[in-house]
Amino acid sequence: MEYKIAWASPSNIALIKYWGKKKDGVQLPANSSISFTLDYCKTTTHLRFVEGEEFAVKVSLDQIDTPSFIPKIEQFLNRIKSIFPFVMNGNYEINTINSFPHSSGIASSASGMSALALCICEIASKKGLLDTKNFFQTASVLSRLGSGSASRSVFGPLSVWGEHPEFEGSSDDYAIPYSEVSSIFKNYCDTILLVHKGQKTVSSTVGHNLVEDHPFAVARFQQATRNMSEIKSAFKLGDIDEFIRIVESEALTLHSLMMSSNPYFILMKPNTLNIIEAIWAKRQKDVVKWCFTLDAGANVHFLYPSEDRETAIQFIEEELKQYCENGAFIHDAVGSGPEKMTY
Ligand code: PMV
């Protein structure tokens, strides 16, 4: 039996960061996290699966054969085979296209893994193994097994992953959609300033593992839990000052954890700090409510309300662009989640 499926799934940017896994289980987070789902940065995956043929995986990225992705995909299929055994019984042709440039330094694991997970769920539902009601939740479980943060890409405009007493229905196994936010946060802008487009020196898998014996681990997990409660209230009230305080602290904490692990490492570059300083100086000088967050890399996510779009873009052009590699940045904003495509 041949299946031809296509899904587009977005990237996401965590505001409260997932950094560190539980010791037991597969890809269970040590603390809960919340993210903006992005609109522009996404992966579109076309999957052709021929069930019954010998197991084999062929992958292309932007029309180019990319065998280096195969081990990660095979590991993913091995992890999900207890949920859907059919995944080991067939031949895969996977064609992925990213809306953002491959060499941009933007991680494609969240969008890529969630797009693939959605395609697999679609096959499962065609086979009568998954009903509509559980479709996205199961897609989030599968995505999580591919890459932790991918669990959150399945939902928009915001998404919460990890059990937290104040987020009803939250779970370590899958993410849930979150939209109890003031309207200002539903179309928030995120311009990704591409400071360094090269490969990261330390992968997030290695980084997560280093948190296990980290001297600050317990305090960090408690802090994240507290920050989740506080950001929940900031979202509801539309309190941007509180939002900024929490989000910037989370970004710097993430990188402090890297700098204080054993072995220690730094993913920020001098221009990461130049951008942070420029944003802080701007906030001091003019009364703007603009801030930043960081991923596990050198790029900066510059966050601002959509009503400030014009002035924020002017600020990027005049002051921030100079710190980006070849002046490159990507305008993005909060989005609504994945979309089924025609094959
Ligand atoms: O999903 P992973 O294993 O690539 O980890 C992502 C970790 C951060 O991006 C740094 C934080 C997060 O919550 O997305």
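A residue counts as buried when its relative accessible area is under 20%. Keep that cut-off in mind for the close-up views of this predicted model.

**View 1. Ser153, a buried loop residue****.** Ser153 sits in the loop that links α3 (135-146) and β6. Its relative accessible area is 0%, so Ser153 is buried. You can also look from Ser153 towards Phe221: the two are 68 residues apart in sequence, and their C-alpha atoms are 22 Å apart in space.

**View 2. The shell around the ligand****.** Here you meet the 13 residues that surround the ligand. The closest of them are Ser149, Arg152, Ser204, His208 and Asp295. Sorted by character, the shell has five nonpolar, five polar and three charged residues. Domain 1 (2-182 + 336-341) and domain 2 (183-333) both contribute residues to this shell, so the ligand lies between the two domains.

**View 3. Polar side-chain atoms beside the ligand****.** Let's zoom in on three residues. In the side chain of Ser149, an N or O atom is 2.7 Å from an oxygen atom of the ligand. Arg152 also has a side-chain N or O atom 2.7 Å from a ligand oxygen. For His208, a polar side-chain atom lies 2.9 Å from an oxygen atom of the ligand. Taken alone, the ligand would expose 380 Å², and the protein buries 92% of that.

**View 4. Strand β6 and its two partners****.** Strand β6 covers residues 158-161. On one side, β6 is joined by four bridges to strand β2 (residues 33-51), and these two strands run antiparallel. One pair to look for here is Ile34 with its bridge partner Val160 in β6. Four bridges also join β6 to strand β7 (residues 175-178), again in an antiparallel arrangement. In that pairing, Ser159 has Pro177 of β7 as its bridge partner.

**View 5. Which way do the side chains of β6 point?** Leu158 and Val160 point one way from the strand, while Ser159 and Trp161 point the other way. Are these four residues buried or exposed? Leu158, Ser159, Val160 and Trp161 are all buried.

**View 6. Ser171, in the loop after β6****.** Follow the chain from β6 towards β7 and you will find Ser171 in the loop between them. With a relative accessible area of 9%, Ser171 is buried, because that value is under 20%. What does the side chain of Ser171 reach? The side chain of Ser171 reaches the backbone nitrogen of Asp173, at 2.9 Å.

Terms used: Residues are numbered from 1 along each chain as its sequence is written. This is a predicted model: local features need pLDDT of at least 70, side-chain atom pairs count only at pLDDT 80 or more; totals for chains, interfaces and linings use all residues. Side-chain values use heavy atoms; hydrogens and water are left out. A residue is near a molecule or strand if one of its heavy atoms lies within 4 Å of it. A polar contact is a pair of N or O atoms within 3.5 Å; within protein, one must be able to donate a hydrogen and the other to accept it, and residues adjacent in sequence count only if both atoms are side-chain atoms. Accessible areas come from the Shrake-Rupley method with a 1.4 Å probe; for residues, only the protein chains shown count as cover. Ala, Val, Leu, Ile, Met, Phe, Trp, Tyr, Cys and Pro count as nonpolar, Asp, Glu, Lys and Arg as charged, and the others, Gly among them, as polar. Domain bounds come from an automatic or database domain assignment. Buried means under 20% relative accessible area, exposed over 50%, partly exposed in between (1.4 Å probe, protein chains only). Two strands pair if DSSP finds at least two bridges between them.
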